[in-house]
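Hi,

Here is the structure I promised to pass on. Have a look at it first, and my notes on what turned up follow underneath.

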Amino acid sequence: MSDTFVSLFSCNARCFMKENHDEKIMYEKRRMRIALVPTVVFICLLWLLFLLDSSLHLQFYKVGIYPLRIKGLIGIICSPFIHNSAKHLFSNTLPLFVLIWCLYYFYSSIANISLLLLWLSSGLLTWFIGREAWHVGASGVIYSLSFFLFFSGIFRKHIPLVAIALVVAFLYGSN
């Protein structure tokens, strides 16, 4: 009788563990898909604005960051959406995709405010210390996201996050 009880108990425990494991996998897949939504929307918006600017010659660069000039303040918000060439946009697309996805996957509860603060702080820093010219592109956002993910990975002792941030910063910086 005791053997039957033990085998029945172990079968139920294995089934429960398998169900729990399957639920966790489903939960993680759902989190991955949810993190893709803002990432894809952001990237599509970049490409849409680039195609609009290049086909209609709208000169969006004039709403980029122009350091220490009032006319350049709007660029703090607009500059990550403006790119001066397809090559420039291509070099920003993959790092942004990876970093924004990581931000929304690992930090979903604070992702929106973090992205906004990193975006504004990188733009403001460029406005204060940039050379006297129009600054466009998402490089500041890319480096600030890398910085955030790297150090938060260190503080949380989450090595894969540190590695992702380092690899993206290294590959992006070598362009």
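A quick definition before the details: when I say two residues touch or are in contact, I mean heavy atoms within 4.5 Å. This is a predicted model, so local features need pLDDT of at least 70 and side-chain atom pairs count only at pLDDT 80 or more, while totals for chains, interfaces and linings use all residues. Residues are numbered from 1 along each chain as its sequence is written, and side-chain values use heavy atoms, with hydrogens and water left out.

**Overall layout**

The protein chain has six helices and zero strands; helices (H or I, at least four residues) and strands (E, at least two) are DSSP runs, numbered from the N terminus. Of its 175 residues, 34% are buried, where buried means under 20% relative accessible area, exposed means over 50%, and partly exposed is in between (1.4 Å probe, protein chains only). Among the contacts with a separation of 6 or more, 74% are between residues 24 or more positions apart. The chain exposes about 11200 Å², and carbon and sulfur atoms supply 72% of that; these areas come from the Shrake-Rupley method with a 1.4 Å probe, and for residues only the protein chains shown count as cover.

**The core**

The largest nonpolar core (buried Ala, Val, Leu, Ile, Met, Phe, Trp, Tyr and Cys residues joined through side-chain atoms within 4.5 Å) has 31 residues, and Leu96 and Leu145 have the most contacts inside it. Helices α1 (2–56), α3 (86–106), α4 (111–129), α5 (139–156) and α6 (159–173) each supply at least two of its residues, and α3 gives the most, with nine. Leaving aside residues up to four places away in sequence, Leu145 touches Leu99, Ile100, Leu103, Leu115 and Leu118.

Have a look at Thr39 too, which is in helix α1. Is Thr39 buried or exposed? Thr39 counts as buried because its relative accessible area is 0%. With the same sequence neighbours left out (up to four places away), Thr39 touches Phe97, Ile100 and Trp101.

**Helix α4, inside and out**

The 19 residues of α4 should span 27 Å at 1.5 Å a residue, and its end C-alpha atoms are indeed 27 Å apart; the expected span is 1.5 Å times one less than the number of residues. Its buried residues include Leu115, Leu118, Trp119 and Trp127.

There is also a nonpolar surface patch of about 510 Å², made by Ile77, Ile110, Ile113, Leu116, Leu117 and Leu120. Patches are made of residues with over 30% relative accessible area and no salt bridge: like charges are joined within 9 Å, and nonpolar side chains (Val, Leu, Ile, Met, Phe, Trp, Tyr) within 5 Å. Helix α4 gives the most to this patch, with four residues. One α4 residue, Leu117, counts as exposed because its relative accessible area is 51%.

**Salt bridges**

How many salt bridges does a search of the whole structure find? There are two, taking a salt bridge as a side-chain nitrogen of Lys or Arg within 4 Å of a carboxyl oxygen of Asp or Glu.

- Arg31 pairs with Glu28 at 3.2 Å, N to O. Both lie in helix α1, three residues apart, about one turn of the helix.
- Glu132 pairs with Arg69, with the closest N and O atoms 3.4 Å apart. This pair links distant parts of the chain, 63 residues apart: Glu132 is in the loop between α4 and α5, and Arg69 is in the loop between α1 and α2 (75–78). Glu132 is exposed at 57% relative accessibility, while Arg69 is partly exposed at 35%.

Cheers
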